[in-house]
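Colleague: I would like to go through the backbone of this model with you. How should I read its less common features?

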Amino acid sequence: MKRQKNIGFLMKAIYLLGIFIVVVVLRIFCLEFYKIKSVSMEDTLIENDMVIIDKMTFGAKLPEKVSDVPFADMFAYLLGLKTWADDFRGNYRRISGLGNLKHNDILVMNGVRDNNYIVKRCVGLPGDTLKILKDILYIGNNKLLEPNGIKKRYTIYGKPNSYLIKTLTEVCRDKCDLWTDSNSLHILLTDANFHQLSHFNIPAIERGTDKDSKQKIFGHEQFRFTKENFGPIIIPAKGTTVMLNLKNLPLYKDIITRYEGNNVKVLGDKVLINNYVVQSYTFKLNYYFVMGDNRDRSIDSRFWGVVPEKLIVGKVAYIV
């Protein structure tokens with residue numbers, strides 16, 4: 001009887017271990033869950049929405065550190081290996097995916113400024129020439145189709161009254177992001193919301209700009225980019241070569257140093273990479289340009305530049 005109980009316990013343990021291994025494998029190679037933690041993707045994704053990340057289309061990124069393996073941090077702590085786990089770092093590797101990322105895919109990625117997950121929309125692919133002109137996105141000379149949930153800032157000049165605020169709140173269905181100053185009202189609207197307002201008796205409304213933003217725009221000092229007028233820039237693709245000079249170096253220096261592991265210096269009018277004078281550079285990775293759907297409430301590639309493939313976790317497949 002005792003032997004049968006031991007066998008039964010062993011079988012349960014093997015069964016639970018099998019389930020645990022399947023869960024870990026699925027989370028590393030197939031899918032992951034992520035809870036939306038910001039308003040940068042409204043109205044497409046709302047804060048606290050739960051989404052499923054598809055890792056198979058782009059190809060799963062293999063763990064570079066212990067914390068990338070589900071539950072590994074917990075076991076490292078229990079086994080007294082936390083210090084080793086925190087210090088261990090591997091190289092970037094990714095298995096082949098079932099397809100490629102496309103324009104307007106929603107991506108989950110490791111943050112550019114920290115390691116926390118963030119979610120943004122992919123608007124520029126490797127090799128694209130991207131520009132934003134009067135808040136309209138272009139790839140080459142073609143406008144990029146905008147999804148329905150994109151929110152932009154509009155301004156109504158004049159002192160706002162209760163009727164106006166009530167109307168705007170009704171149009172936004174109580175999800176109205178509006179604020180006022182001394183002589184105007186500002187509001188974030190989707191295209192559908194904006195067209196609805198044409199049926200109401202309200203003052204003239206126009207596209208607003210965030211002139212008071214304290215966030216530093218990528219390339220601003222050299223190229224005077226803004227959130228509404230940005231580029232054109234060429235998004236780097238793996239294996240492509242660009243000519244390097246003092247004028248365009250600010251667009252690529254962070255990529256070459258931070259993401260591709262080189263040392264860049266300027267000596268007079270010459271560019272040095274790893275102490276060698278160069279006139280060109282060949283990229284090792286693919287890069288992507290991402291933006292939030294809530295355009296005036298999103299910190300994205302307009303602020304910190306393109307995103308390397310090694311930071312991409314996968315694309316959003318479903319909202320749970």
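Modeller: Start with Asp135, in a model that is predicted. Asp135 counts as buried because its relative accessibility is 6%, and the cut-off for buried is under 20%. This residue lies in the loop between E5 and E6.

Colleague: What is the phi of Asp135?

Modeller: In general, most residues other than glycine have a negative phi. Asp135 has a positive one, near 75 degrees. In the same hairpin of E5 and E6, with two residues between the strands, Lys134 also has a positive phi, near 50 degrees.

Colleague: How many bridges join E5 to E6?

Modeller: Four, between residues 129–133 and residues 136–139, and the two strands run antiparallel. Across this pairing, Ile132 faces Leu137 of E6.

Colleague: Which strand pairs with E6 over two bridges?

Modeller: E7, residues 142–143, again in the antiparallel sense. Here Ile139 is opposite Asn142 of E7. The hairpin has two residues between its strands, and Gly140 in the turn shows a positive phi of about 65 degrees.

Colleague: Is Asn275 buried or exposed?

Modeller: Exposed, because its relative accessible area is 55% and the cut-off is over 50%. Asn275 is not a glycine, yet its phi is positive, about 70 degrees. Its place is the loop between E15 (270–273) and E16 (276–278).

Colleague: Where are cis peptide bonds found?

Modeller: Most peptide bonds are trans. One cis bond joins Glu42 and Asp43, with omega about 5 degrees; Asp43 sits in the loop between E1 (31–35) and E2 (50–54). Another joins Gly231 and Pro232, with omega about 10 degrees, and Pro232 belongs to strand E12, residues 230–234.

Technical notes. Residues are numbered from 1 along each chain as its sequence is written. This is a predicted model: local features need pLDDT of at least 70, side-chain atom pairs count only at pLDDT 80 or more; totals for chains, interfaces and linings use all residues. Side-chain values use heavy atoms; hydrogens and water are left out. Two strands pair if DSSP finds at least two bridges between them. Buried means under 20% relative accessible area, exposed over 50%, partly exposed in between (1.4 Å probe, protein chains only).
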